[in-house]
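Subject: Structure handover

Hello,

Here is the structure I promised you. Please open it and keep it beside this note while you read.

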Amino acid sequence: MNRKTTGSMLLALIAMTVGTAAFGQAPFGPGSAPQAATPVNGTMTVNISDKLKISDTMFGIFFEDINYGADGGLYAELVANRDFECTPADARGWSAKKFWVVEGQGMTFDIGTDDPIHANNPHYGVLSVGEVGPRLINEGFGGFRYEKDASYDFSMFARQQGDKPASFEVGLLSDAGNVLASGTLEVNSREWEKVSLVLTAADGNSTPDACGKFYLKPLTAGAPAAVDMVSLFPQDTFKGRKNGLRKDLAQTLADLKPQFVRFPGGCVAHGNSWQDDCYYWKDSVGALEERKPIKNRWGYHQTRGLGYFEYFQFCEDIGAYALPIITVGVDCQFAGRQQAVPMDQMDRIVQDALDLVEFANGGVHTKWGALRAKMGHPDPFGLKYIGLGNEEQISQAFEERFKMVNDALVAKYPDIVVVGTVGPGASGNDFDRGWRFARQEKVPIVDEHFYMNPNWFVDSAQHRYDNYDRTGPKVYAGEYAAHAQGNPRPNTIETALDEAIFLTGVERNGDVVLMSSYAPLLGKHGNMQWTPNMIYFSNTKIDKTTTYEVQKLFGTNAGTNYLKNTLSFGNALDAYQSLRVAASAVEARNGTIILKYVNTLNRPVSITVSLENTGDDIIPETACRTVLTGPVFTGKEYTLTENEIKLGKTFTVDLPPCSMTVIRF
Ligand code: AHR
């Protein structure tokens, strides 16, 4: 590539306001308001020829159905409790009628269990009216978002419960109660039958943020009918997939350019109990009405319409590796006393792991490969990574079961890369024992978790991996987030920049840290069990945090080689302050050189950069610069700007106070 020709460079200014907060107080360093003081001078050398390989899975995303991340979130289904399978076990006070409300007088709305569509889906609604008029309203996940002229696929399973066929009107209601679209359906079978139609909204809700409702209106008096799997999907899903993902949210994730997607958790992967809410993947594939809904470990209901097939499909759609995390038969360590699958039932757990590889990669004539093909994907998904366990207590019970699953996987599928687990913390008993065990079992990668205060990411995590053993298992920094004080814990410029400092250390140690993902990913306003999250959303909008922007800057500027570099401030900064400015240098696959800088001081920093071991002729005249900063270190408000700077063998990069800067050439 001729790096001298950069073409016409963009001079774009994008400013985003996402909130405000008070100015901090400290005179110099984190917590204080940025100052237009004299810059601190530093020097940096970048050796263009001294390269260290970085994995192609360095920056990924952690997806868990927490904070309504799946049902009511990424999964585009609009009807809540479509399967009438909500129970008090999901959440106190919930029942099979949750989210359904009768409007008007004279409707009988019962829950039936005789002869259901499938044993995994044992409940259904039974409706009858003495006179036409009342409607059964679905409240949705905080209402229904309808867009003018958008089309929606309605479907349900239904059967007549008596001698008379029944007909129904179904419709979309705006927030103001206006019918935006409606249609009628006949139910004239004594067996379950799927009926469907398309509804096109004549208008949207009255304001962009408002949400409507959905109704089902019996049109035949004295003709009881059973209904189940009552579903309404926007046709405009991500990549137009049926049973697909909410387009704007999925695109927001795709924009991060994640190199892998971890799913379905987190704690959801094993639930609180192997007998109860553990996420056995086989129950999440096949026809929707045959999947097994379960309570969500975070206190709500999982339909599992977004199941393993859909996760694999999403990974393929965005060019990311899949990283499923499956149970090894041991409960979550936060569920109380550790319970584990009895040894005489472990065959099932082992077989599930083996069959998952067959489902993802097997030929269409294998049992599970055939199911994948039947679901619409005859080609293999190319699964390469499987995580075994999620931060369980590392006990004898765990080790025995992990070994059973791991040994079977390695023996049958030696190309699958297993990711082990070392507990919930950055250190401690599980961490130490987990690492010892992983070394002993020669587990290729282990999953470290740390939710720590912001300073920890600067003082400890930044150099955490510099002296890690290069001969043992590699690292997946699988769940991390800077937790500032507050309720809810905020995402601020400070938390995001401290995470960014950590990530410069991750890139520098790209030979030992092969994967990383911030957690959790999604939080739905009004439905939060955990903060902070990377992205907040409602039914109608998406709020990207400072952390999101940092993750995007790393994801979209990932390298395949790390370039040796030094950053120095002489006597200009003391040891404490020096830790608060960090840099990394990488080379991308196409040869682009990318320099990243994080300045968490409240003063500007000016760095003289010298490029070593490169000829003048291949250095372009200008480079593209992106700066993320905000007016208040502890605030949420941020701006992103893009412009260009002059380059040479030696050039200057000015870092605003409290900022992250990316230079590309
Ligand atoms: O990210 C939220 C939770 O934190 C995950 O489910 C769990 O693995 C961790 O404790």
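What is the volume of the largest pocket? About 970 Å³. Bear in mind that this is a predicted model.

**The largest pocket**

The lining of this pocket takes in 44 residues. Nearest its centre lie K242, N243, L288, R291 and E310. Five elements give two or more residues each to that lining. Three are strands: β8 (151-160), β11 (193-200) and β13 (225-234). Two are helices: α2 (308-318) and α4 (367-374). Sorted by class, the lining holds 17 nonpolar, 15 charged and 12 polar residues.

**The ligand**

Next, the ligand. Which residues surround the ligand? They are F62, E64, G266, C267, W298, N390, E391, Y451, E479, A519, P520 and W530. By class, this shell splits into 7 nonpolar, 3 charged and 2 polar residues.

Three side chains are worth a look for their distances to ligand oxygens. For E64, a side-chain N or O atom is 2.6 Å from an oxygen atom of the ligand. For E479, a polar side-chain atom also sits 2.6 Å from a ligand oxygen. For Y451, the distance from a polar side-chain atom to a ligand oxygen is 2.7 Å. How much of the ligand does the protein bury? Taken alone, the ligand exposes 280 Å², and the protein buries 96% of that.

**Strand β20**

Now find strand β20, residues 445-452. H449 is placed in this strand, and E448 lies there too. Is H449 buried or exposed? Its relative accessible area is 0%, so H449 is buried. E448 also counts as buried, because its relative accessibility is 0%.

The side chain of H449 makes a polar contact of 2.4 Å with the side chain of E391. E391 is one of the residues around the ligand. For E448, I have a long-range distance instead. E448 and I535 are 87 residues apart in sequence, and their C-alpha atoms are 22 Å apart in space.

**Strand β26**

Strand β26 covers residues 561-568, and N565 is found in it. N565 has a relative accessible area of 18%. The cut-off for buried is under 20%, so N565 counts as buried.

What does the side chain of N565 contact? Two partners are on record here. One is the side chain of Y562, through a polar contact of 3.1 Å. The other is the backbone oxygen of L563, which lies 2.9 Å from a polar side-chain atom of N565.

**Helix α9**

Helix α9 runs over residues 546-555. Why is it described as largely enclosed by the rest of the structure? Because 9 of its 10 residues are buried. Those buried residues are T546, T547, Y548, E549, V550, Q551, L553, F554 and G555.

**An exposed loop residue**

Last, D209. Where does D209 lie? In the loop between β11 and β12 (213-218). Strand β11 is also one of the elements that line the largest pocket. D209 has a relative accessible area of 55%, so D209 is exposed. Its C-alpha atom is separated by 29 Å from that of A484, and the two residues are 275 apart along the chain.

Best wishes

How values were computed: Residues numbered from 1 in each chain as written. Predicted model: local features only at pLDDT ≥ 70, side-chain atom pairs only at ≥ 80, totals over all residues. Heavy atoms only, no water. 1 Å grid on protein atoms, 1.4 Å probe; cavity = no way out; pocket = protein on both sides within 12 Å on 5 of 7 lines; lining within 4 Å. Points joined across faces, edges and corners; volume = space filled by probe spheres on them. Helix = DSSP H or I, 4+ residues; strand = E, 2+ residues; numbered from the N terminus. Nonpolar A, V, L, I, M, F, W, Y, C, P; charged D, E, K, R; others polar. Near = heavy atom within 4 Å. Polar contact = N/O pair within 3.5 Å; in protein donor to acceptor, adjacent residues only side chain to side chain. Areas by Shrake-Rupley, 256 points an atom, 1.4 Å probe, with all protein chains shown as cover. Buried < 20%, exposed > 50% of the residue type's maximum accessible area, 1.4 Å probe, protein only.
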